[in-house]
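This report is for a reader who has not met this structure before. Its topics are salt bridges and pockets.

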Amino acid sequence: MKQFFRFMINTFFSSRLDLRVRLFNMLAMAGVLVSLVFTGFHIVAKSPINVAFCLAGAALAGALLVYATRTKNYQRAYIITVIAVFLILFPTMFFSVGGYKYGMTSFFIFAVAFTVFMLEGKKSLFLAGVELLVYSALCAFAYIYPERINYYTENPDPFWGILICFFSSSVAVGIAIFLHLKLYNEQQRELEAARQKLSEENAMLERVNQLKTEFLGNVSHELKTPLTVMSGYAQTTKQLAERSAELDGGEVKRRMKLISSEAERLSLMVGQILDVTRIEEGRMAMEKHPCHVDEIIHSAVETHYPMLNKNANRLEIHIDPGLPAVSADPARISQVIVNLISNAVRFTANGLITVTAKQEHTDIVVCVADTGSGISRDRLPHLFQRYSHNEKNGAGQNTGTGLGLYICKHIVEQHGGTIRIESELEAGTSVFFILPIL
């Protein structure tokens with residue numbers, strides 16, 4: 001029995017089916033059942049013509065159910081139901097079962113409601129209008145010519161006929177309205193959820209747009225600063241040379257060092273912007289091969305020393321001897337180290353910046369620590385997001401593009417490692433990244 005009910009539910013009332021399909025299936029089954037009940041009623045009333053009509057109605061309802069289930073052409077089944085049952089069978093029964101005195105008007109109401117509920121577009125209104133005209137004409141005809149209507153002579157009390165018609169039609173219409181309202185409420189809840197989601201996405205897009213606007217303004221400032229420094233020193237040096245003024249060798253060296261540092265800084269920022277584009281497009285390639293972290297660290301510091309040697313900081317390197325090799329892209333790992341040291345330099349003045357590397361189990365742990373201003377706890381979870389690292393230094397100036405840590409995280413994770421930050425305000429910052437040993 002359970003398997004039978006499970007089969008019936010999955011075949012005729014599954015939630016995957018359209019609401020009107022489920023409603024039609026239910027009404028077709030109810031039509032079979034009600035027709036059989038009326039068959040018994042008319043057998044008792046000794047009305048063979050009405051018994052034949054009811055059996056025909058049960059057969060038609062069952063045939064339409066089978067047809068619609070097999071062909072999936074439910075709209076055609078609905079139209080056949082309207083024409084065959086509501087416009088042919090019901091009017092014929094009207095004459096044989098006692099007209100409006102025996103409850104056929106309840107069936108007429110059900111027929112109009114079914115037509116409006118089930119059919120689509122203008123044809124639902126057209127056929128419902130035809131039904132109203134036909135049913136109104138039938139009732140008027142029965143009122144004018146009552147002798148043409150076959151009233152029950154054997155059972156003159158119309159109570160049971162009216163009750164059965166009223167009850168079955170009310171249940172069918174009530175269920176239809178209930179299901180439609182239930183679907184409407186579900187759709188309203190889904191619509192409200194979609195509106196809420198859209199509102200959240202719009203807020204997120206506005207935030208992203210705001211971040212990008214801030215980023216562009218910050219980048220413009222950051223790119224302008226080294227260009228201004230380089231241009232200023234180049235012009236003053238040129239003016240002194242044109243006036244044949246003597247330039248001290250140490251002064252020339254200092255100026256060239258500053259120009260080189262700002263040029264390196266400018267190159268790093270442009271490279272960060274290009275790298276973010278490569279990451280978003282999935283084009284940042286990693287050319288990995290066996291290498292040693294200590295060599296990468298020394299090479300990175302030596303190459304970028306002019307840019308890193310600022311704010312009167314001391315830079316110390318502590319690397320455990322005999323570290324095993326890792327599989328890495330030396331240029332990208334060097335980029336991570338330079339980014340981390342550069343960040344430390346920005347937030348540290350007259351302090352100490354330390355780069356350490358050691359082995360822990362099967363990993364190499366590299367740490368860049370500083371004694372600078374530190375980072376508030378509420379900002380730590382957001383530092384590896386694009387454009388988020390838009391803080392200011394002690395002079396109130398922007399200190400970076402907000403892309404460095406985002407790029408570092410991507411590079412380290414592409415090497416199978418992890419990166420994290422430990423920091424407290426006025427107590428310095430330590431950034432650790434881990435690379436698996438080869």
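The sections below describe the basis of the model, then its salt bridges, then its largest pocket.

## Basis of the model

The model is predicted; local features need pLDDT of at least 70 and side-chain atom pairs count only at pLDDT 80 or more, while totals for chains, interfaces and linings use all residues. Residues are numbered from 1 along each chain as its sequence is written, and side-chain values use heavy atoms, with hydrogens and water left out.

## Salt bridges

A salt bridge is a side-chain nitrogen of Lys or Arg within 4 Å of a carboxyl oxygen of Asp or Glu. By this rule there are nine salt bridges.

One of them joins Asp-275 to Arg-278, with the closest N and O atoms 2.6 Å apart. Both residues belong to helix H8 (residues 249–280), where they are three residues apart, or about one helical turn. Helices (H or I, at least four residues) are DSSP runs, numbered from the N terminus. Asp-275, Arg-278 and Arg-332 are linked in a network of salt bridges.

## Exposure of the paired residues

Buried means under 20% relative accessible area, exposed over 50%, and partly exposed in between (1.4 Å probe, protein chains only). Asp-275 is buried at 3%, whereas Arg-278 is partly exposed at 26%.

Another salt bridge connects Glu-316 and Arg-314, the closest N and O atoms being 2.7 Å apart. Glu-316 is partly exposed, with a relative accessible area of 27%, and Arg-314 is partly exposed at 48%. Lys-358 and Glu-360 also form a salt bridge, at 3.7 Å from N to O. Lys-358 is partly exposed at 39%, and Glu-360 is partly exposed at 34%.

## The largest pocket

On a 1 Å grid over the protein atoms alone, a pocket is an open set of points where a 1.4 Å probe fits, with protein on both sides within 12 Å along at least five of seven lines; lining residues have an atom within 4 Å of a point. Grid points are joined across faces, edges and corners, and a volume is the space filled by probe spheres set on the points. The largest pocket holds about 600 Å³ of space. It is lined by 32 residues, of which Leu-27, Ala-30, Gly-31, Val-34 and Phe-110 are the closest to its centre.

Helices H2 (19–44), H3 (48–71), H4 (74–96), H5 (104–118) and H7 (159–242) each give two or more residues to this lining. H2 gives the most, with eleven residues. The lining has 26 nonpolar residues (Ala, Val, Leu, Ile, Met, Phe, Trp, Tyr, Cys and Pro), six polar (the others, Gly among them) and no charged ones (Asp, Glu, Lys and Arg).
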